[in-house]
Amino acid sequence: MALTERLYYNDSHLIEFEARVIDVTERVSGWVALVLDRTAFYPTGGGQPSDTGTLNGSRVVECIDDGERGVLHVVQGSAPRRDAVVAGRVDWARRLDHIQQHTGQHILSQAFITLFNAPTKSFRVLETSCEIDVELNNPTTEIIERAVELANNVVWEDRLITIHNVSAQEAAAMPLRKESSREGELRLIEIEGFDLTPCGGTHAYRTGEVGMIAMRSWERAKGLTRIEFVAGGRALADYRKANRSAREMAALFSTGRDDAVQLAAQLVEENKELHRQVHALEAIAAGVEAERLLASAHVTTDGTRIVAQVFEARDAESLKKLAHAIISQPQTIALLGSRDSDTARLVFARSADASADMSALMREACTLLDGRGGGRPDMAQGGGKNVAQLGEAINGAAQSLGEAAR
Ligand SMILES: [Zn+2]
């Protein structure tokens with residue numbers, strides 16, 4: 001089987017070409033895979049996604065490196081026959097994007113070596129950003145930004161990028177950034193006066209084409225430092241997005257973009273303080289409410305005051321606060337309930353010097369509500385779906401304490 005001549009090896013900017021179909025195979029999906037005698041399509045590999053484009057007008061949705069067999073072009077729509085001569089066209093916007101990300105990675109990886117002797121272990125072009133995993137100890141944003149700064153200087157110096165095909169023996173004597181696992185002839189990518197590394201990808205003619213490299217985020221991952229970055233058009237897209245977010249945020253504070261963070265931090269502090277004040281006021285309010293309820297509470301023969309009360313749409317936290325305020329008084333029992341459209345909730349509590357088992361009372365009350373509940377002898381919670389029975393459940397609990405509730 002003949003090899004596909006890989007035109008993208010010689011010229012990363014060649015996007016139109018003619019070729020002959022040398023093999024056609026039907027894919028399970030119903031799509032067709034073509035092998036050509038020559039191609040400008042870059043297949044998925046080396047952390048770089050495949051090119052897309054057209055062959056005689058039919059969509060090439062993916063290209064796969066099939067080693068000795070060549071490059072498989074997965075075609076959607078009508079496919080040419082074997083031996084047909086086809087006109088190929090690579091999607092330039094996507095190719096340029098990959099050139100910018102991939103060349104940007106070469107530059108950024110060398111910047112980490114130059115400054116910190118920190119090699120790159122892996123590289124991925126993702127949907128909207130890229131990742132490199134760098135052997136960088138003690139990373140900080142400041143340290144990473146120093147490498148990004150150097151990388152951008154190399155971009156703006158618009159250095160020439162050249163391809164050298166050398167033997168393994170020649171390569172062994174050269175200062176390569178990383179070893180290659182390939183046998184035989186090696187393809188080296190040289191960024192003038194900065195970087196030399198074996199690579200089979202598509203690169204810029206000059207570093208200026210990368211435009212710009214920006215770090216989005218970083219984290220420690222599996223003993224390495226994972227750095228998310230964007231280059232070229234992706235950096236512009238990301239800037240626009242970040243700028244829009246920052247401006248929308250600033251508009252909420254009726255301030256300029258760069259003052260919003262300080263105002264947001266101030267608001268968060270004020271909000272915490274307000275929460276503290278609300279909690280303090282709630283405690284006071286619960287105390288006042290407890291006094292009022294205790295003043296009209298039923299008093300049993302042994303002098304225990306029982307507060308039995310149903311509220312509308314009061315949350316469990318608020319019920320508990322009120323119960324605590326009631327039982328902070330000696331010889332008291334609180335049987336409190338609340339209901340909304342589909343849920344009834346209960347809180348039963350007693351002061352330390354009162355008797356009766358709140359947990360047992362709660363379990364009994366909850367059977368009436370078709371629900372569940374329990375807790376400790378001095379404090380129990382529960383609830384259920386049978387909202388209509390809430391009053392009955394509380395009355396039942398009060399009665400079993402020896403007296404009828406109001
Ligand atoms: Zn490369």
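These are my notebook entries on a predicted model, going from its largest pocket to helix 7 and the loops beside that helix.

**Entry 1: the pocket**

I began with the largest pocket, which holds about 1100 Å³ of space. How many residues line the largest pocket? I found 38 in the lining, and those nearest the centre are Arg182, Pro198, Cys199, Gly200 and Gly201.

Next I looked up which elements contribute to the lining. Helix 1 (92–116) and strand 9 (120–125) each give at least two residues to the lining, and strand 12 (186–191) and strand 13 (195–198) each do so too. Sorted by class, the lining has 17 polar, eleven nonpolar and ten charged residues.

**Entry 2: helix 7 against helix 8**

Then I moved on to a pair of helices. I reminded myself that two packed helices are described by the distance between their axes and the angle between them. For helix 7 (residues 358–368) and helix 8 (residues 390–400), the axes come within 9 Å and cross at roughly 145°. I noted the crossing of these two helices as right-handed.

Which residues of helix 7 meet helix 8? On the helix 7 side I wrote down Leu361, Ala365 and Leu368; on the helix 8 side, Glu392, Ala393, Ala397 and Ser400. By class, this contact has five nonpolar residues, one polar and one charged.

**Entry 3: Ala365**

I picked Ala365 out of helix 7 for a closer look. Is Ala365 buried or exposed? Its relative accessible area is 4%, so Ala365 is buried, as the cut-off for that is under 20%.

Setting aside neighbours within four places in sequence, I listed Leu346, Phe348 and Ala393 as the contacts of Ala365. Ala393 belongs to helix 8, so I had already met it in the helix pair, as a contact is heavy atoms within 4.5 Å in both lists. I also checked a C-alpha distance: Ala365 and Gly396 are 31 residues apart along the chain, and their C-alpha atoms are separated by 7.2 Å.

**Entry 4: Ser359 and Pro377**

Ser359 is another residue of helix 7. Ser359 counts as buried because its relative accessibility is 7%. Leaving out residues up to four places away in sequence, I found that Ser359 touches Gly374, Gly375, Arg376, Pro377 and Ala380.

I followed that list to Pro377. Where does Pro377 lie? I found Pro377 in the loop between strand 20 (372–376) and strand 21 (379–384). With 45% relative accessibility, Pro377 counts as partly exposed.

Pro377 contacts Arg350, Ala356, Asp357, Met358 and Ser359, again leaving aside neighbours within four places in sequence. For Met358 I looked up the spacing too: Pro377 and Met358 are 19 residues apart in sequence, and 4.9 Å apart in space from C-alpha to C-alpha.

**Entry 5: two positive phi values**

Before this step I jotted down that most residues other than glycine have a negative phi. I then looked at two residues beside helix 7.

Ala356, one of the contacts of Pro377, sits in the loop between strand 19 (344–350) and helix 7. Ala356 is not a glycine, yet its phi is positive, about 85°. At 30% relative accessibility, Ala356 counts as partly exposed.

Asp370 is in the loop between helix 7 and strand 20. What is the phi of Asp370? I read a value near 55°, which is positive although Asp370 is a residue other than glycine. Is Asp370 buried or exposed? Asp370 is exposed, because its relative accessible area is 58% and the cut-off is over 50%.

**Entry 6: two long distances**

I went back to helix 7 once more, for Arg363. Its relative accessible area of 47% makes Arg363 partly exposed. I compared its position with that of Met212: the two are 151 residues apart in sequence and 67 Å apart in space, C-alpha to C-alpha.

My last lookup was Thr54, in strand 5 (residues 53–55). Thr54 and Trp156 are 102 residues apart along the chain, and their C-alpha atoms are separated by 34 Å. With its neighbours within four places in sequence left aside, Thr54 is in contact with Phe41, Arg59, Val60, Ala87, Gly88 and Arg89.

Notes: Residues numbered from 1 in each chain as written. Predicted model: local features only at pLDDT ≥ 70, side-chain atom pairs only at ≥ 80, totals over all residues. Heavy atoms only, no water. 1 Å grid on protein atoms, 1.4 Å probe; cavity = no way out; pocket = protein on both sides within 12 Å on 5 of 7 lines; lining within 4 Å. Points joined across faces, edges and corners; volume = space filled by probe spheres on them. Helix = DSSP H or I, 4+ residues; strand = E, 2+ residues; numbered from the N terminus. Nonpolar A, V, L, I, M, F, W, Y, C, P; charged D, E, K, R; others polar. Buried < 20%, exposed > 50% of the residue type's maximum accessible area, 1.4 Å probe, protein only. Axes fitted to C-alpha atoms, helices over the stretch in contact; angles between N-to-C directions. Left-handed = near helix turned anticlockwise from the far one by under 90°.
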